[in-house]
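This report describes the surface, overall fold and strand pairing of a single protein chain.

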Amino acid sequence: MPMAALLAEVQGRLDGAYPTVELEAPKIFRIHRDVRFSKDKSPFKDHASGVLMVGSNVDPGTAIGALYLQIGPEEGAAAGHWAMAPDQLARYRRAVLHERQGATLSKLLRPLVAGGYQIISAAQLSRAPKGVDPSHPRVELLRHKGLALDFPAIPAKVRHTKALLDWCVERSQEVAPLVRWLLEHVAD
């Protein structure tokens, strides 16, 4: 399967970005949709996608991804922690509120966001979390219930070529310091 081969190659080239943890074997998402409770009974997704998780014995629902890649009509890539479990969210918010750890996170994010990465998460509060001053300098980060970065758009010239491998590796290496921050401050 091409997606598995691509992610396996990315995994081998990203090992140096994560010296203290291992990247899990690539997980390829199935192409068949669960149609049991859906009005749309078409059985296939229109894209291929997969992920490289960081660490071992991780729960896919609350794991930290070094790279998520989707190829199809809607293409893209991302990395980080899409949806945090309640205990992870509590640790994340403590770290963001901590003067030194929160400042480090802001320092890591600033050049990435300026370079076209977007902060995303599965859910976001409409205002500051309970007990947090709405004027806190990192309130926008505290509103997220996860912390991931959506990569800049995959350039058309590399989209369906071998150059996609290099593009994925380069973007994943750029966000590796953020992923390592999440591993240190949020992971179990």
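In this predicted model, the protein chain exposes about 10,500 Å², and carbon and sulfur atoms supply 55% of that area. Buried residues account for 42% of the 188 residues. The chain carries 24 positive and 20 negative charges, whose mean positions lie 5 Å apart.

The secondary structure consists of five helices and six strands, arranged along the sequence in the pattern α-β-β-β-β-α-α-β-α-β-α. The radius of gyration of the protein chain is 17 Å, close to the 16 Å given by the globule rule for 188 residues, so the chain is as compact as a globular protein of that length. Along the principal axes, the C-alpha trace spans about 50 × 45 × 35 Å. Of the contacts with a separation of 6 or more, 63% are made by residues 24 or more positions apart.

Strand β2 (residues 48-53) has five of its six residues buried, so this strand is largely enclosed by the rest of the structure. Its pairings with strand β1 (residues 27-28) and strand β3 (residues 65-71) are set out below.

| Strand pair | Sense | Bridges | Opposite residues |
|---|---|---|---|
| β1 and β2 | antiparallel | two bridges | K27 and V51 |
| β2 and β3 | antiparallel | six bridges | V51 and Y68 |

V51 of β2 thus appears in both pairings: K27 stands opposite V51, and V51 in turn stands opposite Y68 in β3. As a general point, the side chains of a regular strand alternate between the two faces of the sheet.

Technical notes
Residues numbered from 1 in each chain as written. Predicted model: local features only at pLDDT ≥ 70, side-chain atom pairs only at ≥ 80, totals over all residues. Heavy atoms only, no water. Buried < 20%, exposed > 50% of the residue type's maximum accessible area, 1.4 Å probe, protein only. Helix = DSSP H or I, 4+ residues; strand = E, 2+ residues; numbered from the N terminus. Pairing = 2+ DSSP bridges. Rg over C-alpha atoms; globule rule 2.2 N^0.38 Å. Contact = heavy atoms within 4.5 Å. Areas by Shrake-Rupley, 256 points an atom, 1.4 Å probe, with all protein chains shown as cover. Lys, Arg positive; Asp, Glu negative; His and termini not counted. Charge placed at Lys NZ, Arg CZ, Asp CG, Glu CD.
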